[in-house]
Amino acid sequence: PKAITAPQMFGRMDAATGDWTDGVFAVLWRRAAKNKNQNTWIVLDGPVDAIWIENLNTVLDDNKVLTLANGDRILMSPLMKAFFEPENLNNASPATVSRAGIIYVSDVELGW
């Protein structure tokens with residue numbers, strides 16, 4: 001997620017035309033939500049950034065819905081999973097941490 005900007009990840013509104021363009025995550029989320037018969041895991045590997053992770057708070061809470069800046073709300077189906085693999089949670093807010101199930105694996109246990 002840190003390799004791209006928040007608009008590239010979630011989407012952006014063209015100021016000149018008012019047209020909305022979905023970002024990478026929004027495209028994947030829509031595709032998974034439409035496919036009601038397939039397990040889908042969306043994996044976000046990299047540092048947690050306070051800005052982009054806040055956009056996912058409605059996904060992580062009981063609503064389980066992605067809310068985009070254009071007002072679209074895309075429900076998470078029971079077969080969808082969002083998996084975060086950060087090195088640490090230094091930049092995550094307490095609200096984000098409280099919404100996530102956290103598994104810690106020590107680098108000693110990994111052996112690499």
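Leaving aside its neighbours within four places in sequence, which residues is Leu56 in contact with? Hi everyone, let me start there. The partners are Phe10, Phe25, Leu66 and Phe84. Before I go on, please keep in mind that this is a predicted model.

Several of those names come back when we turn to the largest nonpolar core. It has 20 residues, and those that touch the most other members are Phe10, Phe25, Trp29, Leu56 and Leu66. At least two residues of this core come from each of α1 (6-10), α2 (24-34), β3 and α3 (50-54). The top contributor is α2, with five residues.

Now to β3 itself, which spans residues 40-45. In a regular strand, side chains alternate between the two faces of the sheet. Here, Thr40, Ile42 and Leu44 make up the covered face, while Trp41, Val43 and Asp45 sit on the uncovered one. Next door in the pairing is β6, residues 80-85, which runs parallel to β3 and is joined to it by six bridges. Thr40, for instance, has Met80 as its bridge partner in β6.

And β6 takes us to the largest pocket, with a volume of about 1100 Å³. Among its 29 lining residues, Phe84, Glu85, Pro86, Gly101 and Ile103 are the closest to the centre. So who gives the most to that lining? That would be β6, with five residues. Helices α4 (57-60), α5 (94-99) and α6 (107-110) each supply at least two. For those of you thinking about chemistry, the lining has 18 nonpolar, four polar and seven charged residues.

One last link: Phe84, a contact of Leu56, is also among the residues closest to the pocket centre. Thanks, everyone!

Technical notes:
Residues are numbered from 1 along each chain as its sequence is written. This is a predicted model: local features need pLDDT of at least 70, side-chain atom pairs count only at pLDDT 80 or more; totals for chains, interfaces and linings use all residues. Side-chain values use heavy atoms; hydrogens and water are left out. Buried means under 20% relative accessible area, exposed over 50%, partly exposed in between (1.4 Å probe, protein chains only). Helices (H or I, at least four residues) and strands (E, at least two) are DSSP runs, numbered from the N terminus. Two strands pair if DSSP finds at least two bridges between them. A nonpolar core is a set of buried Ala, Val, Leu, Ile, Met, Phe, Trp, Tyr and Cys residues joined through side-chain atoms within 4.5 Å. Contact means heavy atoms within 4.5 Å. On a 1 Å grid over the protein atoms alone, a cavity is a set of points where a 1.4 Å probe fits but cannot get out, and a pocket is an open set with protein on both sides within 12 Å along at least five of seven lines; lining residues have an atom within 4 Å of a point. Grid points are joined across faces, edges and corners, and a volume is the space filled by probe spheres set on the points. Ala, Val, Leu, Ile, Met, Phe, Trp, Tyr, Cys and Pro count as nonpolar, Asp, Glu, Lys and Arg as charged, and the others, Gly among them, as polar.
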